[in-house]
Amino acid sequence: MDGGFVYLLQRVFRRLPLAGGRPLLAVPAGLAITAVAFALRMALDSELPSGFPYVTFFPAVVISAVLFGLWGGISSAVLGFLLARWYFVAPVGSLSMAGGAGWAMGLYVFVVVVDIIAIHSAQVAMGSLDRERQRNRDLAESRQLLFHELQHRVGNNLQMVGSLLSLQGRRVADGPAREAVAEAARRVQLVGKIQRTLYEPEGSQRSLSVMLEELVRDIVASGSDGTVSVRMDVQHDAVIGAEQSIPVALIVGEAVSNALEHGFTPGEGGTITVAVAGHRLDGAGGLRITVSDDGRGLTEGFTLEGSTSLGLRIARSLAGSLGGSFVVVRADGAGGGTLATLDFPLTATA
């Protein structure tokens, strides 16, 4: 059976009974349906052989119970009982239950009671199921809102701490100390941004490329004069757990911030390209993320091992904790610039 037709039937039956909990509407409706069934039975009386007194009354009871609920089915069954006994069960014109009439009407009662109970039970179960589904939808929506609000608040709180550190750093007289506090403030704010980009609003983990693109564009927008653009080059994407996402985002954020700070002359602008590709690492599946720019490039003789930059040293340490590596070199080609490369193996997500 076509899935769309089944879905349509389910939607129709979820709206039944039409008069649930309203006997003043259900009883007249059940009586009216039985009256139609009686008229049809009278019209067919000459065409039907003897022994079919209930041929139109059984469907009437079922239709009444389905469309108008328990009271609709009961009213239809009672009226059908009286009409069948009076007009179609011998001796005709009597309500006596003596002899064979009692057995015949007993069969009628048994069948309609079973039908009404089955239909009513199904409708009660369907109503309970719909209420449970709605409750689950409400709980899921509430959970999503709470989760999103929690992520938003954690990110905001971290960025607020970063702002407070930044304000405090401006009051530090010693130059190196002031710079260290400013760097700490920037990194705390970066962690706050990462926290806000880890998950979708409904709570599912974002893919790495989506998370990085939002993070990088946010960093560039807040750390440049508007002349630096971002280009994403995603050849391979993956959903990774938070235990990998946060260090990866910190490393990429550090590389982008470093490019903004040291790679471009204010007002001249340029492009930062973030590429994500698959990479085999020690025979296992992994990812390679590169952050390149077309800026003025590294100074002569630069080595990551000999760099005094705390941010780059942190990035290298984080890469080691991932079981990978992080290198920064002068980019090849006429455009110059800097190329930072992170290689790390993928671990299974929960």
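These are my notebook entries on two helix pairs, one cavity and one peptide bond.

**Entry 1: the model.** I am working from a predicted model, and I keep that in mind for everything noted below.

**Entry 2: α2 and α3.** I looked up how helix α2, residues 23–44, sits against α3, and found that their axes come within 8 Å and cross at roughly 50 degrees. I therefore enter α2 and α3 as oblique to each other, since an angle that is neither under 35 degrees, nor over 145, nor from 65 to 115 falls in that class. For the hand of the crossing I noted that α2 passes α3 in a right-handed manner. When I sorted the residues of this contact by class, I had 16 nonpolar, 7 polar and 1 charged.

**Entry 3: the loop after α3.** I followed α3 (57–87) into the loop that lies between it and α4 (100–169), where Pro91 is found. I asked myself whether the peptide bond from Ala90 to Pro91 is cis or trans. The bond is cis, and I wrote down an omega near -5 degrees for it.

**Entry 4: α5 and α7.** I then turned to helix α5 (residues 175–197) and helix α7 (residues 242–262), which pack at an angle of about 130 degrees with their axes 10 Å apart. That angle makes α5 oblique to α7, and α5 passes α7 in a right-handed crossing. Which residues meet where α5 and α7 are in contact? From α5 I listed Glu183, Arg186, Arg187, Leu190, Val191 and Ile194, and facing them in α7 I listed Ile246, Ala249, Leu250, Gly253, Glu254, Ser257 and Glu261. The residues of this contact divide into 6 nonpolar, 2 polar and 5 charged.

**Entry 5: the cavity.** I searched the whole structure for enclosed space and found 1 cavity of 30 Å³ or more, and about 30 Å³ of space lies in the largest cavity. Its lining, as I recorded it, consists of Ile251, Val252, Ala255, Ile289, Val291, Phe326, Ala340, Thr341 and Leu342. Which elements each supply at least two residues of that lining? I found three names to enter here, namely α7, β3 (284–293) and β5 (338–345). By class, the lining divides into 8 nonpolar, 1 polar and no charged residues.

**Entry 6: α7 read across entries.** I close with a cross-reference on α7, which meets α5 through residues including Leu250 and Gly253 and also supplies at least two residues of the cavity lining. I keep the two class counts side by side, with 5 charged residues in the contact of α5 with α7 and no charged residues in the lining of the largest cavity.

Technical notes:
Residues numbered from 1 in each chain as written. Predicted model: local features only at pLDDT ≥ 70, side-chain atom pairs only at ≥ 80, totals over all residues. Heavy atoms only, no water. Axes fitted to C-alpha atoms, helices over the stretch in contact; angles between N-to-C directions. Helix = DSSP H or I, 4+ residues; strand = E, 2+ residues; numbered from the N terminus. Left-handed = near helix turned anticlockwise from the far one by under 90°. Contact = heavy atoms within 4.5 Å. Nonpolar A, V, L, I, M, F, W, Y, C, P; charged D, E, K, R; others polar. 1 Å grid on protein atoms, 1.4 Å probe; cavity = no way out; pocket = protein on both sides within 12 Å on 5 of 7 lines; lining within 4 Å. Points joined across faces, edges and corners; volume = space filled by probe spheres on them.
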